[in-house]
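Please open the model in your viewer and keep the sequence panel beside it, since this tour moves from one selection to the next. At each stop you will be told what to select and what is to be found there.

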Amino acid sequence: MTVWDRNLDREFPNRSYEDNTMIRIMSAFILAMISALCGAVGQEIQLAEGAPNRHIVVPGDTLWDLAGKFLKEPWRWPEIWRMNEEEVNNPHRIYPGDVIVLERDVQGSPRLRLQSIRLVPQIYSTDVKDEIPAIPPNLIRPFLSDPLIVEVSSLDRAARIVATQQDRVYLGNGDLAYVAGADPSRLDWQIYRNGRPLHDPDNHQILGYEAFYLGTARQLEPGNPATFEVVTMKQEIGRGDRLLPAIRPPLVAYVPHKPGFQVNGRVISVYGGVDTAGRGSIVTLNRGARDGIEIGHVLALERNRTIVERDENDTKVRVPIPPERIGLLFVFRIFERLSYGLVVKSESTVDVNDFARSP
């Protein structure tokens, strides 16, 4: 009878059993990832279960809601509309009262068509000028107007309160502040206090700061220091607090779409000072405009997983298994090195350091 040395492996006798165990584990993992990627390439559009043949747009609808009515993968919205890149960036408007019709082309592939007629009798109708938004505006409006993220480069040139009216410790509505370094041509400003730094988990660089928004002020008399009046106060304002010009980014017609490249970002902050998020939460990513991120990008939220097993020699082996998808993220505002995203779907809690990747 042949006695086999357990330190050798029958399949690969030139390597030890432990080495071949790891080779098999990594090979299985790589094959699983390749299979998943290959399956996603050229995949046909899949309609959502119970997708309607037509839908009348009503106030309160969003593009994301409509995408979910028709598609299993809502980020493929531009494909079912047959949009090119220019149309994704400058989409046609959809208004309440419009009718979205689901059709099939000669090849049998689904597509959507907009039928811009009002089905309600004119005597009962009123003109509706506001197109439907991509995502609920009430959730993101504060993040479009307030400087809740301040990039590192902005801090060096930010104006600063150097003195207060009658040496008051804190200022309120209508009080005067004296500000150094203010641009004399700008009237309206926003006031903030330095918050905690946002670090990139990949290289530990500071990408920006979570600004603590305090209120607004108006420049009354230019100078150095210039005289400012506090217009609105959300929190106490005092000496040393900083000011930035009030610049409101334009509301753009976002279209939910998949990035045309592989994104591998991380969730580095959850708004509200907590470590976990869910559907409707705002999170910050360590990817921004310089990384190619666009408004409207939909990213898959994933959690990398490993399990610890023991091989036949009772040695602990860490086994990587395919990432677990835990939700979807809709990017609605971008900075140079950071971006804001709304969690539009979550199957479990989203944690700081979870991954944001191309779906």
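Begin by selecting strand 2 (99–104) and strand 3 (110–115), which run antiparallel and are joined by six bridges. Strands here are DSSP runs of E with at least two residues, helices are DSSP runs of H or I with at least four residues, and both are numbered from the N terminus; two strands are said to pair if DSSP finds at least two bridges between them. One place to look in this pair is Val 99, which stands opposite Gln 115 in strand 3.

Now widen the selection to the open sheet, in which three strands follow one another in the order 1-2-3 with antiparallel pairing. Strand 1 (54–56) and strand 3 (110–115) are its edge strands, each pairing on one side only. On average, neighbouring strands of this sheet are turned by 20 degrees against each other when direction is ignored, where the axes are lines fitted to C-alpha atoms, for helices over the stretch in contact, and angles run from 0 to 180 degrees between N-to-C directions.

Before going further, note that this is a predicted model, in which local features need pLDDT of at least 70 and side-chain atom pairs count only at pLDDT 80 or more, while totals for chains, interfaces and linings use all residues. Residues are numbered from 1 along each chain as its sequence is written, and side-chain values use heavy atoms, with hydrogens and water left out.

Colour the chain by pLDDT, which is the predictor's confidence in each residue, from 0 to 100. The mean for the protein chain is 81, and 82% of its residues reach 70 or more. Select residues 1–12, where pLDDT stays under 50 and the model has 17 contacts beyond four places in sequence, a contact meaning heavy atoms within 4.5 Å. Then select residues 20–41, where pLDDT also stays under 50 and the model has 19 such contacts. Where pLDDT is low, the predicted coordinates should not be read in detail.

Which residues touch the most other members of the largest nonpolar core? Select Trp 77, Ile 135 and Phe 332, which do so in a core of 42 residues. A nonpolar core is a set of buried Ala, Val, Leu, Ile, Met, Phe, Trp, Tyr and Cys residues joined through side-chain atoms within 4.5 Å; buried means under 20% relative accessible area, exposed over 50%, and partly exposed in between, with a 1.4 Å probe and protein chains only. Among the elements that each supply at least two residues of this core are helix 3 (77–81), helix 5 (137–145) and strand 18 (339–346), while the largest share, five residues, comes from helix 2. If you centre the view on Ile 135 and leave aside residues up to four places away in sequence, the residues that Ile 135 touches include Trp 64, Tyr 254, Phe 330 and Leu 342.

Next, select strand 16 (298–310) and strand 17 (316–334), which run antiparallel and are joined by 12 bridges. Glu 309 stands opposite Val 317 in strand 17, and in the hairpin of these two strands, which has five residues between them, Asp 314 takes a positive phi near 65 degrees. Strand 16 also pairs in the antiparallel sense with strand 20 (residues 355–357) over three bridges, and there Phe 355 is the bridge partner of Glu 302.

Stay with strand 17 and pick out Gly 327, which is buried, with a relative accessible area of 2%. Gly 327 and Ala 300 are 27 residues apart in sequence, and their C-alpha atoms are 6.1 Å apart in space.

Turn now to the closed barrel, whose six strands run 5-6-11-10-7-12 with antiparallel pairing; its neighbouring strands are turned by 45 degrees against each other on average, direction ignored. Within the barrel, strand 7 (residues 188–193) and strand 12 (residues 242–245) are joined by four bridges, and Trp 189 stands opposite Pro 245.

The last stops concern the backbone. Most residues other than glycine have a negative phi, and most peptide bonds are trans. Select Asn 224 and Pro 225, which are joined by a cis peptide bond with omega about 15 degrees; Pro 225 is found in the loop between strand 10 (212–221) and strand 11 (226–233). Finish at Arg 82, where phi is positive and near 60 degrees, in the loop between helix 3 and helix 4 (85–89); at 40% relative accessibility, Arg 82 counts as partly exposed.
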